[in-house]
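Visitor: Hi! Could you walk me through this one? I'd like to ask about it bit by bit.

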Amino acid sequence: MSLLTKFTFIYLAIISVVLGVAGLIIYNQFQELVVRETDYTLYHDLQIVKESIRQGKPIEALNNERVHITPLPNHGRTEEIRAYSDTLIVHYFTKKLEPFRKVTALSPIGDQLYRIEITEIFIEEEDMKRAVADMLRKLFFALSGAILLFSFVFSRQLLKPFRLILEQMERFTVGTNAPLELPRTNTREFRQLKAFVRQMADRARREYRALKEFVEHTSHEMQTPVAIAQGKMELLLQDPELKPRQAELVASAKNALARLSRLGKGLALLTKIEHGEYTLSEQVDVAAALHRLLPDFEELAQMKNIEFLADIEDDCKTVRGNATLLEILLTNLLKNAIQHNDEGGRIEVRLRQCRLLIRNTGKAPDHPPEVLFQRFAKGNSSQSNLGLGLAIARKICDASGYHIRYRYEAPWHEVEVVFAPPAPET
Amino acid sequence: MKLLLIEDEPELAQALVHYLRNGDVVCERAASFGEAREKLESFHYDIVLLDIMLPDGSGLDLLELIKEKAPDTGVLVISARDALDDRITGLERGADDYLTKPFQFPELSARIKALYRRRKRQGMQTLHWQEITITPDTHEVKVHGRPVELTLKEYKLLVFFIENAGRVLTKQSIAEHLWGDHVDFLDSFDFVYQHIKNLRKKLAAAGAGDYIKTIYGLGYKLTDQ
């Protein structure tokens, strides 16, 4: 739910509550007013009746549906007593029981004491409620309308810088140097947000650059010492005095060094692609590259008793890219298919309309697919895996404009690469 | 064969000189641009191993010097930088081959031999080991003058052995030579054994002696002892 919708809902809820409470208050005030006014009318009528009695009008003539006068013997009362009360009386006109207000007075007039009862019908409660409710409803609609208008017109405008900042952040990558284009705004919060985002972006880029340089230097600087160590071990291996047990140790140390060296080369390759050191506008022939590489991999697959099926259509002959990178990409994917396969498994390679599908059997992946393309994300695999292969494949695809996708559907691991056909010549 | 190794890293140079000096190979070393230029101007070499990055100059300039002074000298560039520019510039300016550090010594040795054969066009175009004769141009293998049918992998294996005769070859360097870097993910290189077995069988059937010796726990060695 968007912030705007939330705000709108909250406003509407607040309005409902406030209007509800306001309704109660208004209704109560209204009722009090009505009682006061009715009482005043009754008092006024009482004065008229008393005046009429004083003038000597016959009591029978004064009595009617509203007024009841009863003469009482006076036992020395001089003060008048008045009491107001609510009562229900059958209405003389509608013949229904209705709420009435009644004043009962004991009034000494001359020597005589009179009990005077006057009734007055209330304004009907239902009418009062309906009037209040009607008022509130109109108010509610007016306010809601105003709020909706506000949220869809003004708030949208107010939040626009925020949306633009978000868009920029979404497009942000640490790898490039494209400046962030943050919108101008005079809202304090957005200005703070902007400053913060810019700072974060700069820091992320700075740190990423430092890290990258470190990796580049390391992967480069380690090549010479590794070469020396490898060379010395090679010499050691040629020593006729070497005992088999010692030779085994040297050989396995040499293998470990070879792995280290490949790691360095892999990292160096990644940075070189990032630096755009490869021309990506060559015309490459995917089918031919596959035909060249497949025999080797078929042999390697056989050694693991893996059934290898290739179905290469000769149609993807002019793809924009780089021949070296294409070969690395294909090699990495094929290697991967063998490496993560089970003994006696199966590999299928298919090229159709510039879509390369490589699928292989194997254990279910440990990682979610997105992670597989990151550096050093090792699947459940043999220890010699460097975890760089798929990262390199991904980098090559990104740089060359191919789409790569991984999917696991037991028992198949599927990697699909969609090669971009060359742009039509203009 | 006369080799000049131009390499500024003393430890690596020492190991290489030691490794490459074998049989009829003479290997000299130059540690700097100046020393290399002096040697190149004074002597003739069959093959020059050239490190592009030297402390006092660029190996690429030496490359030009070699091409000018001794165009028949083969140049193999070795560089720690796997930079594509270096590779392309190197090959464009007349280098014959390129290897990135670190490399397997037997691989370098095989490349040197192959380069030497290519350069010696006028001489004999065959490779010999006892009664085995190989014509690299046609991939023909003969034992006692009679042709032997080998698969491409077996052929490459045999050439690799002969080029590294007398040296121990680990299963890994054999695998990498035959399948390139594709094998780096394999946990075991035991499959090399299968190919060697087949090669031995075919050579024996053709009447050649068993020269491929198994070095326990390590690999194999081509030897006549």
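Visitor: How much space lies in the second largest pocket?

Guide: About 910 Å³. Keep in mind that this is a predicted model.

Visitor: Which residues are closest to its centre?

Guide: Those are Lys113(B), Ile162(B), Glu163(B), Asn164(B) and Ala165(B). They belong to a lining of 40 residues.

Visitor: And which elements give two or more residues to that lining?

Guide: From chain A there is α7 (244-274). Chain B brings α5, β8 (127-129), α6 (152-163), β13 (212-215) and β14 (219-222).

Visitor: How do the lining residues divide into nonpolar, polar and charged?

Guide: The second largest pocket has 18 nonpolar, 11 polar and 11 charged residues in its lining.

Visitor: OK, switching to cavities. How many of 30 Å³ or more does a search of the whole structure find?

Guide: Just one. The volume of this largest cavity is about 60 Å³.

Visitor: What lines it?

Guide: The lining is made of Met1(B), Leu3(B), Leu20(B), Val25(B), Ser109(B), Ile112(B), Lys113(B) and Arg167(B). You met Lys113(B) a moment ago, among the residues closest to the centre of the second largest pocket.

Visitor: Nice. Which element gives the most to the cavity lining?

Guide: That would be α5(B), with three residues. By class, the cavity lining holds five nonpolar residues, one polar and two charged.

Visitor: Now the interface. How many residues does each chain put into the contact?

Guide: Chain B puts in 41 residues and chain A 39. Together they bury about 3600 Å² of area, with carbon and sulfur atoms giving 61% of that.

Visitor: What about salt bridges between chain B and chain A, how many are there?

Guide: The count is four. One salt bridge joins the side chains of Glu299(A) and Lys153(B), at 3.8 Å from N to O.

Visitor: And how many residue pairs are in polar contact across the interface?

Guide: Seven, counting pairs with both residues at pLDDT 80 or more.

Visitor: Which elements of chain B supply at least two residues to the side that touches chain A?

Guide: They are α1 (10-20), α5 (105-119), β12 (168-170), α7 (171-179) and α8 (191-205) of chain B. Of the elements, α1(B) gives the most, with six residues.

Visitor: Last one: what is the make-up of that side by class?

Guide: On the side of chain B that touches chain A you'll find 20 nonpolar, 10 polar and 11 charged residues.

Conventions
Residues are numbered from 1 along each chain as its sequence is written. Chains are lettered from A and ligands numbered from 1 in the order in which they are written. This is a predicted model: local features need pLDDT of at least 70, side-chain atom pairs count only at pLDDT 80 or more; totals for chains, interfaces and linings use all residues. Side-chain values use heavy atoms; hydrogens and water are left out. Contact means heavy atoms within 4.5 Å. Buried area is the accessible area (1.4 Å probe) that two parts lose on being put together, summed over both. A polar contact is a pair of N or O atoms within 3.5 Å; within protein, one must be able to donate a hydrogen and the other to accept it, and residues adjacent in sequence count only if both atoms are side-chain atoms. Helices (H or I, at least four residues) and strands (E, at least two) are DSSP runs, numbered from the N terminus. Ala, Val, Leu, Ile, Met, Phe, Trp, Tyr, Cys and Pro count as nonpolar, Asp, Glu, Lys and Arg as charged, and the others, Gly among them, as polar. On a 1 Å grid over the protein atoms alone, a cavity is a set of points where a 1.4 Å probe fits but cannot get out, and a pocket is an open set with protein on both sides within 12 Å along at least five of seven lines; lining residues have an atom within 4 Å of a point. Grid points are joined across faces, edges and corners, and a volume is the space filled by probe spheres set on the points.
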